[in-house]
Amino acid sequence: MAMQKRVNDYISQFKEGYFSPLAMMARFTEEVGELAREVNHSFGEKPKKSSEEANSIENELGDILFVALSFANSLNIDVSEAFDQAMTKIETRDKERWTKKETE
């Protein structure tokens with residue numbers, strides 16, 4: 001996957017390399033919290049303070065994607081394969097779970 005290669009090319013230029021799995025999990029959790037904060041500001045009852053920097057849900061989703069790809073790379077997981085496995089599971093398990101749209 002091109003995104004995984006781009007992340008790896010970036011990380012590989014530094015001696016420190018990838019963080020440990022536990023540190024990656026902490027980083028992922030941190031980014032999900034930042035996304036939750038942005039969603040709350042945009043759709044919830046908690047407006048952003050005037051002193052807070054502008055940010056966006058799009059930026060936070062991008063950060064989460066970067067961390068997820070870094071995590072996958074650090075564990076030699078091909079995200080395309082992982083995604084295909086997840087979709088197959090979801091398409092099988094949940095095929096009758098939701099109300100389908102009418103087709104003409």
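Where is the place of R27: in which helix should you look? Select R27 and you'll land in helix α2. Before you click on, keep in mind that this is a predicted model.

**Stop 1: R27 and its partner**

Helix α2 covers residues 21–43. Stay on R27 and add E31 to your selection. These two form a salt bridge, and their closest N and O atoms are 3.5 Å apart. What separates them along the helix? E31 and R27 are four residues apart in α2, so about one helical turn lies between them.

Now colour the pair by accessibility. E31 has 5% relative accessibility and counts as buried, because the cut-off for buried is under 20%. R27 is partly exposed, at 28%.

While R27 is still selected, pick D63 too. D63 and R27 are 36 residues apart along the chain, yet 9.9 Å separates their C-alpha atoms.

**Stop 2: further along α2**

Next, click on G33, which also lies in helix α2. Is G33 buried or partly exposed? G33 has a relative accessible area of 38%, so it goes down as partly exposed. Try the distance tool on G33 and A23: you should get 15 Å from C-alpha to C-alpha, for two residues 10 apart in sequence.

**Stop 3: helix α1**

Swing over to helix α1, residues 2–11. Select K5 and D9. Here is another salt bridge, with 2.7 Å between the closest N and O atoms. Both residues sit in α1, four residues apart, which is about one turn of the helix. K5 is exposed, with a relative accessible area of 52%, while D9 is partly exposed at 43%.

Why would such side chains pair up at all? Side chains of opposite charge can pair when their charged atoms come close.

Still in α1, select M3. M3 has 37% relative accessibility, so it counts as partly exposed. Add M1 and L65 to see a nonpolar patch on the surface. Together, M1, M3 and L65 have about 260 Å² of accessible area.

**Stop 4: the second largest pocket**

Keep M3 and L65 on screen, since both appear again in a pocket lining. Which residues line the second largest pocket? Select M3, R6, V7, Y10, G62, L65, F66 and L69. Helices α1 and α3 each supply at least two of the lining residues. Sorted by class, this lining has six nonpolar residues, one polar and one charged. The pocket's volume is about 150 Å³.

How do you find gaps like this? Rolling a probe the size of a water molecule over the atoms shows where empty space is left.

**Stop 5: the largest pocket**

Now for the largest pocket, with a volume of about 270 Å³. It has 13 lining residues, and the ones closest to its centre are A68, L69, A72, V79 and A82, so select those five to find your way in. Two elements give two or more residues to this lining: α3 (57–74) and α4 (79–93). The largest share, five residues, comes from α3. What classes of residue make up this lining? It has 13 nonpolar residues, with no polar and no charged ones.

**Stop 6: the loop between α3 and α4**

Follow the chain from α3 towards α4 and select N76, which is found in the loop between the two. N76 is exposed, at 73% relative accessibility. Now check its backbone. Most residues other than glycine have a negative phi, and most peptide bonds are trans. N76 has a positive phi of about 55°, although it is not a glycine.

**Stop 7: a small network**

For the last stop, select R97 and D94. They form a salt bridge too, with the closest N and O atoms 3.5 Å apart. Add R93 to the view: salt bridges that share partners join R93, D94 and R97 into one network. Which of the two, R97 or D94, is exposed and which is buried? R97 is exposed, with a relative accessible area of 53%, whereas D94 counts as buried at 13%.

How many salt bridges does the whole model have? The count comes to four, and your tour has included K5 with D9, E31 with R27 and R97 with D94.

Methods. Residues are numbered from 1 along each chain as its sequence is written. This is a predicted model: local features need pLDDT of at least 70, side-chain atom pairs count only at pLDDT 80 or more; totals for chains, interfaces and linings use all residues. Side-chain values use heavy atoms; hydrogens and water are left out. Patches are made of residues with over 30% relative accessible area and no salt bridge: like charges are joined within 9 Å, nonpolar side chains (Val, Leu, Ile, Met, Phe, Trp, Tyr) within 5 Å. Accessible areas come from the Shrake-Rupley method with a 1.4 Å probe; for residues, only the protein chains shown count as cover. A salt bridge is a side-chain nitrogen of Lys or Arg within 4 Å of a carboxyl oxygen of Asp or Glu. Buried means under 20% relative accessible area, exposed over 50%, partly exposed in between (1.4 Å probe, protein chains only). On a 1 Å grid over the protein atoms alone, a cavity is a set of points where a 1.4 Å probe fits but cannot get out, and a pocket is an open set with protein on both sides within 12 Å along at least five of seven lines; lining residues have an atom within 4 Å of a point. Grid points are joined across faces, edges and corners, and a volume is the space filled by probe spheres set on the points. Ala, Val, Leu, Ile, Met, Phe, Trp, Tyr, Cys and Pro count as nonpolar, Asp, Glu, Lys and Arg as charged, and the others, Gly among them, as polar.
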